[in-house]
Amino acid sequence: MLGGLAQGFAGVLTPQALFFCVAGVVLGQLVGVLPGLGPAATIAMLLPLTFRLDPATSVIMLGGIYYGTMYGGSITSILLRVPGEAASAVTALDGYEMARRGRGGAALGIAAFGSFIAGTLGVVALGLVAPPLARMALAFGPPEQCALMLVGLTLVAYLGGRSMPRALAMACLGLLLGTVGLDPVSAAPRFTAGLLDLVDGLDLVAVVMGLFGIAEVTALMVERGTAPPRLLAYGRLRELLPTAADWRDSAGPMARGTVAGFLVGVIPGGTGIIASFASYAMERRWARNRARLGEGAIEGVAGPEAANNAAAAGAYVPLLTLGLPGNPAMAMLLGAFIVHGVVPGPLLLRDHPHVFWSVVASMYVGNLVLLALNVPLIGLFVRVLRLPRWGLVTGIVVFCLVGAYAANNNPFGIYVIAGFGVLGYLLPRAGYDVIPLVLGVILGPPLETAFRQSLMMTQGRWLELLSERRLALALLGLALAVLASGLARPRKAGSGPLPDHP
Amino acid sequence: MRGRLADLGLLAVGLAAAGHAAGVHGLRRHGAPGDGLFPFVAAAGLVLFVALGLIVDRTRRCPSVAAAGGGMAALVTALLGLYAAALPHAGYPLATAVLLVVVAKLANPRLGWTRAVSVAVVLAAATFLLFARGLGVPLPLGRLG
């Protein structure tokens with residue numbers, strides 16, 4: 001591991017890679033403070049900026065955008081009570097109360113330090129866990145791959161959606177949309193309606209930009225009559241530094257949040273929002289000042305922020321070792337890898353070790369950059385919050401247009417973002433979460449290949465094959481158990497329209 | 001019917017796709033899985049889970065499409081469709097500037113024309129220079145080129 005990491009640092013500590021790492025983190029934070037735009041949409045919009053870069057530098061920059069966005073979201077949670085992205089929703093509970101009581105600076109400071117500590121520890125865990133897991137995954141054949149992807153999809157539906165049947169319906173719609181284009185075996189066109197532009201399938205970048213970016217534009221236009229929320233003061237620079245008492249109260253929540261966040265992040269579907277809610281639930285039980293939670297307790301900021309950032313590091317484990325994106329942002333990073341001719345999965349560490357270790361090393365550097373820039377640049381990020389709504393809308397539209405066009409140098413991508421924009425706006429309002437849909441589109445082609453290969457291997461004797469492939473059988477059993485548990489559980493509160501946080 | 005349009009639409013998509021996959025592409029071919037098998041399974045899953053959702057969440061309340069802002073969603077889609085059709089002819093800078101003026105005025109009807117036009121022109125020109133000249137993305141110039 002140390003040799004690989006040294007190789008990774010050698011790749012990252014070049015002026016070019018360092019520049020793009022810093023640029024990614026700053027861009028991520030700038031966009032992350034804007035309510036509504038999550039990491040997946042941000043990565044999709046900024047993907048064209050990386051087209052001319054080598055694979056490692058490209059993923060370093062996009063990774064910087066990812067965890068920059070995760071931190072940027074907490075600034076709006078604390079100062080506006082409007083989460084910049086979904087994972088920061090919990091931070092708003094105590095962070096905003098702290099800001100109302102004149103301790104906004106301390107809340108922002110502990111969020112920054114908590115994110116840094118948890119993010120760095122999460123990367124250490126990633127470096128330790130990923131190589132053995134990748135070696136193990138090399139032994140997976142088509143039945144195991146197929147079963148693993150089914151586990152991933154059912155977990156995403158179980159953990160993410162408010163209604164398991166609706167989340168699974170969206171996953172199935174995604175799988176169906178993933179079959180648009182040429183058949184992987186016979187090369188016959190399927191569901192293309194005779195359009196040559198659909199022969200290569202639906203472009204993932206355009207799908208994500210439509211579902212999240214254009215849907216957000218529509219939401220901002222619909223809400224145009226509403227007044228923007230009032231921004232609270234955050235104090236001077238030195239007030240951003242937590243006191244000794246703050247550190248004492250925050251150490252336990254940060255440690256618990258880091259462990260829980262990383263473990264949640266590793267599970268497909270285990271997004272930052274689940275990690276931060278899990279951390280908050282733990283603090284309600286174990287925090288020293290748990291009675292004050294919800295009234296401006298620093299533990300309510302430190303724990304969820306640590307969990308959120310540790311989950312961001314944990315989410316790289318299934319992506320880099322199994323090629324399985326656990327959330328839409330990881331799906332976009334998978335797309336970025338593929339655009340640059342690198343396929344994440346068990347073979348990544350063997351075939352492209354410099355890419356793997358550069359990504360890991362860049363996360364150490366990125367976390368350091370986040371901490372170094374967070375505190376001094378907080379005034380800049382707050383100014384971004386004062387951007388008028390119409391300015392925000394035109395900015396999102398122009399980046400979506402360029403991204404959709406640049407994906408294939410063809411205006412067809414703009415029709416795709418227009419179509420998926422309507423879906424991304426209306427489906428959550430009808431109770432359908434679009435995140436399983438994105439993962440279905442991503443996993444559709446590899447799942448179909450593994451499914452058909454598995455069926456061909458069995459030649460009609462699939463029960464016999466499963467009895468020989470114990471791991472595949474166990475994974476299928478797990479998928480069925482998750483499915484049964486999700487369908488049997490009572491409906492979660494408010495399973496009507498969903499909030500639109502990608 | 002109120003708020004059930006999405007459910008019915010998804011059911012229709014699932015049924016149509018399942019029929020197309022089984023009828024046109026086939027579920028088996030020469031003893032092996034046919035081209036239509038996987039899409040059929042996905043479409044059948046879509047129908048099954050939408051129906052299950054309707055049964056499990058039958059008391060769910062959703063706003064109607066119009067109340068949820070469906071009109072604005074349709075307008076944004078139409079604008080983007082027109083933009084995509086005009087792009088090869090008008091070119092990126094002109095088509096984008098026009099679209100951005102319309103979008104800015106829709107987002108804030110009280111915004112002055114001078115401000116909307118100047119911001120749209122600057123944004124269209126800046127992104128053209130960044131992506132086409134700086135990053136080599138071949139954005140079309142249309143008749144201007």
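**Exercise 1.** Find the salt bridge that joins A:Arg452 to chain B, and place it in the interface.

*Solution.* The side chains of A:Arg452 and B:Asp35 form a salt bridge, 3.4 Å from N to O. The criterion is a side-chain nitrogen of Lys or Arg within 4 Å of a carboxyl oxygen of Asp or Glu. The rule finds 2 salt bridges across the interface of chain B and chain A. Next, the extent. Chain B gives 73 residues to the contact and chain A gives 63, with contact meaning heavy atoms within 4.5 Å. The buried area is about 5,600 Å², 78% of it from carbon and sulfur atoms. Buried area is the accessible area (1.4 Å probe) lost when two parts are put together, summed over both.

This is a predicted model: local features need pLDDT of at least 70, side-chain atom pairs count only at pLDDT 80 or more, and totals for chains, interfaces and linings use all residues. Residues are numbered from 1 along each chain as its sequence is written, chains are lettered from A and ligands numbered from 1 in the order written, and side-chain values use heavy atoms, without hydrogens and water.

**Exercise 2.** Describe how α9(A) and α14(A) are oriented to each other.

*Solution.* Take the axes of α9 (residues 204-222) and α14 (residues 328-339), both of chain A: they come within 10 Å and cross at roughly 155°. The helices are therefore roughly antiparallel, a label for angles over 145 degrees. Now the residues. A:Leu204, A:Val205, A:Val208 and A:Phe212 of α9(A) meet A:Pro328, A:Ala331, A:Met332 and A:Gly335 of α14(A).

Notes: Axes are lines fitted to C-alpha atoms, for helices over the stretch in contact, and angles run from 0 to 180 degrees between N-to-C directions. Helices (H or I, at least four residues) and strands (E, at least two) are DSSP runs, numbered from the N terminus. Angles under 35 degrees count as roughly parallel, over 145 as roughly antiparallel, 65 to 115 as roughly perpendicular and the rest as oblique.
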